[in-house]
Amino acid sequence: MSGDPDAIPSDVAGAAARVADAADDRRRLRAARNRNAGRTSMRDVLVGAAERSSTVTLVLGHGRSHRVQVVAVGADAVVAAPVGGGHDADRRLLVGLAAVRTIVVHRADATVAGAGWAGPEALVGDARRDATEVQEFHMSDILSHRLEDRPRITVWLGPDQMSGTLTSVGLDVATIATEGSGETAYVRLDSTTEISFSVSSSL
């Protein structure tokens, strides 16, 4: 054997360089992911869940939680369809963005009850838009487009619950004829944690 006995064979040196380059690539990828994660908002997570049709659990500030598919994310609210069948098949949740404390993402292939979405201006049919196309609706928009049906709704304001018939919707207030007494209640929408109601067709 000739040459410098301490010299590293070229094939070994090349392999070591490739390993070092791969390690550098992994470090750069981790750094990029960390930078992106540092810019992520809760709203971004919800929009991503809607785009991927992911099943998530929304944990709300008053302790309630819902396993749902996020159908669309607006300026101040999330439209969600409960996962499962039975009485949930015809139900929608309108959740205030400010009420969402934790989002747990589950597998993306779960069966979801009626998750079609056609925007607040077309609340029937099976069309589904990309979640990024319907970002500017507000909670009041969704309720306004359901108003003609005079739906029975259940409203949660933190731990407090109220049920009745939706009778009118303003800029920041919904009017409800309460169950039983039929008295009129005015609900401030930006104080609402969630609203649950049934639909006869896809939201």
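Strands S2 and S3 run antiparallel and are joined by five bridges. One pairing in this predicted model links Gln69 to its bridge partner Ala81 in S3. Strands of a sheet pair through backbone hydrogen bonds, in either a parallel or an antiparallel manner.

S2 and S3 belong to an open sheet of ten strands, ordered S5-S1-S2-S3-S4-S10-S6-S7-S8-S9, with antiparallel pairing. S5 and strand S9 (184-188) form the edges, each pairing on one side only. On average, neighbouring strands of the sheet are turned by 40 degrees against each other, direction ignored.

Helix H2 packs on this sheet, where it touches S1, S2, S3 and S5, and its direction makes about 85 degrees with that of S2. H2 spans residues 42-51, and its buried residues are Leu46, Val47, Gly48, Ala49 and Ala50. These buried residues pack against S1 (55-60), S2 (65-73), S3 (77-82) and S5 (100-105).

Two loop residues deserve separate mention for their backbone conformation. Most residues other than glycine have a negative phi. The table lists Ser53 and Arg150, each with a positive value.

| Residue | Phi | Location |
|---|---|---|
| Ser53 | near 55 degrees | loop between H2 and S1 |
| Arg150 | near 45 degrees | loop between H3 (139-146) and S6 (152-157) |

Ser53 follows just after H2. Because its relative accessibility is 25%, Ser53 counts as partly exposed, a class that lies between buried, under 20%, and exposed, over 50%.

Definitions and conventions:
Residues numbered from 1 in each chain as written. Predicted model: local features only at pLDDT ≥ 70, side-chain atom pairs only at ≥ 80, totals over all residues. Heavy atoms only, no water. Buried < 20%, exposed > 50% of the residue type's maximum accessible area, 1.4 Å probe, protein only. Helix = DSSP H or I, 4+ residues; strand = E, 2+ residues; numbered from the N terminus. Contact = heavy atoms within 4.5 Å. Pairing = 2+ DSSP bridges. Axes fitted to C-alpha atoms, helices over the stretch in contact; angles between N-to-C directions.
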